[in-house]
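Visitor: Hello! I am new here and would like a friendly tour. Could you show me the structure before we start?

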Amino acid sequence: MTTRVLISLMLATVILAGCRQPPVVVFPNDGAELDNPVYLVASTSVTWFDGNDKLGEGDHWSGFLSEGNHEIRAVASEGTAQLHLWVRQLFPLGVIARVPAGYELPEAPDGEYVRVWGRAEEKSATLMAQERKPSLSLRHRVPVEGHRLSLMESASTQPTAPEVMYEHVADLLKEGRASACGAGCVRQAPGIGLLGITPPAQRVFKVLDLSGYGYDEVAAELVYLGERTLAYIESGETEAVHNEVVELAQVFDGRIQPRVQTAFGSYADVDGNGKVILLFTRRLNASGLAIGFFYPGDLFPASPDLPESNEAEILYLGVPEEGNFNFSPASLAATACHELQHLVNFSHVTLPFASDPNPPLSPVWLNEGLSHLAEDLCGYNTLGGNLAFVARFLERPWEISLTSTGVDGRGDSIERRGAAYLLLRYALEQAGGVQLTPDNELSGGGLAFTRALMSPDALTLDRIAGRATGVEDGARLLWRWWWTMVATGLEQEGVDVTDRYPWAAYAPPVPDPATGDELGVNLFRGEINLGDYAFSLKGLRFKEDCSAIDLPVDAFCAERANGPVVEHAQSTNYRLQVMRVR
């Protein structure tokens, strides 16, 4: 190195040293009042002091400080920055506080605490698309058997009939498949199809055998022709059954269809008749697998690898059966509403893009949750058995993953559907809620939220949160929802939570004069009797000890304790929030 170069480098070093500025505390401002944990940020690397006590080194520091005044110094060779802080009481009464892992806590105030452990880790939409095979059918309302509202439950994690159907649909669309009407499938109004064309009085339909991959040909008779609906029933039924089906079809045409389209949008019209076909067949009664279903394959032209397509919008339903709650008129009406949401969902999320390889599919948890929300909005939250799913979820939420598989290794379950419905009902209310007009129609700001979810751009928790609250943060939405369920129980005990956190409550249910049921949910409604089946809504169940639980993805556990933290180290996958309630 030459002398001239060395001198130049020395001069440059002196100049740069002369340009160095004293440290500045970037956050917080001088005189700020803060909650624990305290976060400090400087413009450069410093040594942090609280009075004469050294806190640490670096351009930032975070940790817990005792309640009261603190004189903070940020010391560097270029100078010292100072600020005064007031740190509020640790865990003040009635305040939700985060407890980050890895901090040594000062002594907390005595009292009764509620601790909520949560694991918010929703998979990306891309990853979920790559893992379709373990997912559940998009198209089935949960089957119920006997007087027991449940899936066909077993300890096995083998795919159920609905899961097999979902896998079948995903495989059909793997390479892309053109629909009969392309991207222009969705009409904006009913009854604008092939006007003047009389539907056939008898028709043969191809009905999937849900226990396998084949189909049966079923001869059926037209029993109802409405503005938006055609209803067929398998030949051979009695006049009394025909009359019951006609009444169901009238309800579907006059009330269920308008409400679902108001809440979620229009549906495809691949056959050009502007109507949905309801096909009632006793084969579903005998199957023990489903009350009803929607098959997306019907929206594509029949072909050698899709011979079962009827090339029409069809909802398949069982036949009314006296003394069987599953096939009661209310249960069948709720099922028709549920399946219609699936039709609308597929019409918007998937069908316009079906010619592309691996087109978007609504995640199972979301699609099923929306269909149970549809049952609520159609006026069948209780009568259709929807609230029984909620009761099951509230009994053991720490075992149920909202978006993935639960502790038992299963994806779809009645508990997960109860969870999905509760989250989406909460998000709907945060977006503006829903009411009934004097004409018994849906209205309210929340309807823009439900319609916005009928899009391939709204399939993740972040996007759902953004459409509900304006903030695309799925974890934030989950935590608020979890605390809402906790707060509902605390309010029952006289602990006021909603005065400080107005978002931590479900809206009071709205009576539906058309059905005698209610829109919305009361987590403490109490005993509910549905014929021979009874269950109870008594709020969220607290766990005795959450510390030993391995939470699944997007699950939470709430417990009561005499302190804010537990002895074991927190997993990096879990987060802890607490509230001192007494």
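## A guided tour in questions

Guide: Welcome! Let us begin with Phe-535, which has a relative accessible area of 7% and is therefore buried. Please keep in mind that this is a predicted model.

Visitor: Which residue forms an aromatic pair with Phe-535, 5.8 Å centre to centre?

Guide: The planes of the two rings meet at 40°, which makes the pair tilted. The partner is buried as well, because its relative accessible area is 15%, and a residue counts as buried under 20%. That partner is Tyr-533.

Visitor: How do the rings of Phe-393 and Trp-481 pair?

Guide: By the ring-pair rule, the structure holds eleven aromatic pairs. In the pair of Phe-393 and Trp-481, the ring centres are 6.1 Å apart. Their planes lie at 5°, and planes under 30 degrees apart count as stacked, so this pair is stacked.

Visitor: How many residues apart in sequence are the parts that Phe-393 and Trp-481 tie together?

Guide: Phe-393 sits in helix H8 (residues 386–395), while Trp-481 belongs to helix H12 (residues 474–492). Both Phe-393 and Trp-481 are buried. Since the two residues lie in these two helices, their pair ties together parts whose separation in sequence is 88 residues.

Visitor: Which residues are linked into a cluster by ring pairs?

Guide: Here we meet a group of phenylalanines. The members of the cluster are Phe-294, Phe-300 and Phe-346.

Visitor: How many disulfides does a search of the whole structure find?

Guide: One joins Cys-337 and Cys-378, with sulfur atoms 2.3 Å apart. Another joins Cys-546 to Cys-557, S to S 2.0 Å. The search of the whole structure gives a total of two.

Visitor: Which helices hold Cys-337 and Cys-378?

Guide: Their link is right-handed, with 80° about the S-S bond. Because the two cysteines lie in separate helices, the pair ties together parts that are 41 residues apart in sequence. Cys-337 is buried at 0% relative accessibility, and Cys-378 is buried at 1%. The helices are H6 (residues 329–349) for Cys-337 and H7 (residues 364–378) for Cys-378.

Visitor: Is the link of Cys-546 and Cys-557 right-handed or left-handed?

Guide: Cys-546 is in the loop between strand E20 (533–537) and strand E21 (555–561), and Cys-557 is in E21, so the disulfide ties together parts that are eleven residues apart in sequence. Cys-546 is buried at 6% relative accessibility, and Cys-557 is buried at 1%. The angle about the S-S bond is -75°, and the link is left-handed.

Visitor: Is Asp-554 buried or exposed?

Guide: Asp-554 is found in that loop between E20 and E21. Its phi is near 55°, a positive value in a residue other than glycine. Its relative accessible area is 2%, and the cut-off is under 20%, so Asp-554 is buried.

Visitor: How many of the 17 residues of H9 are buried?

Guide: Helix H9 (residues 414–430) reaches 24 Å from its first C-alpha to its last, close to the 24 Å expected at 1.5 Å a residue. Just after H9, Gly-432 takes a positive phi of about 135°. H9 is largely enclosed by the rest of the structure, because the number of its buried residues is 16.

Visitor: Which residues form a nonpolar patch on the surface?

Guide: Strand E1 (25–27) and strand E3 (38–50) each give two or more residues to this patch. One member, Phe-27, is partly exposed, because its relative accessible area is 44%. Together the members have about 340 Å² of accessible area, and they are Val-26, Phe-27, Tyr-39 and Val-41.

Visitor: Which residue does a cis peptide bond join to Phe-27?

Guide: Omega of this bond is about 0°. The partner lies in the loop between E1 and strand E2 (33–34). Another cis peptide bond runs from Asn-36 to Pro-37, with omega near -5°. The residue joined to Phe-27 is Pro-28.

Visitor: What distance separates the C-alpha atoms of Trp-86 and Gly-31?

Guide: Trp-86 belongs to strand E6 (residues 79–87) and is partly exposed, because its relative accessibility is 34%. Trp-86 and Gly-31 are 55 residues apart along the chain, and their C-alpha atoms are separated by 6.9 Å.

How values were computed
Residues numbered from 1 in each chain as written. Predicted model: local features only at pLDDT ≥ 70, side-chain atom pairs only at ≥ 80, totals over all residues. Heavy atoms only, no water. Patch = residues over 30% accessible without salt bridge, like charges linked within 9 Å, V, L, I, M, F, W, Y side chains within 5 Å. Areas by Shrake-Rupley, 256 points an atom, 1.4 Å probe, with all protein chains shown as cover. Salt bridge = Lys/Arg side-chain N within 4 Å of Asp/Glu carboxyl O. Helix = DSSP H or I, 4+ residues; strand = E, 2+ residues; numbered from the N terminus. Buried < 20%, exposed > 50% of the residue type's maximum accessible area, 1.4 Å probe, protein only. Disulfide = S-S within 2.5 Å. Expected span 1.5 Å × (residues − 1). Phe/Tyr/Trp six-rings, centres within 6.5 Å; stacked < 30°, edge-to-face > 60°.
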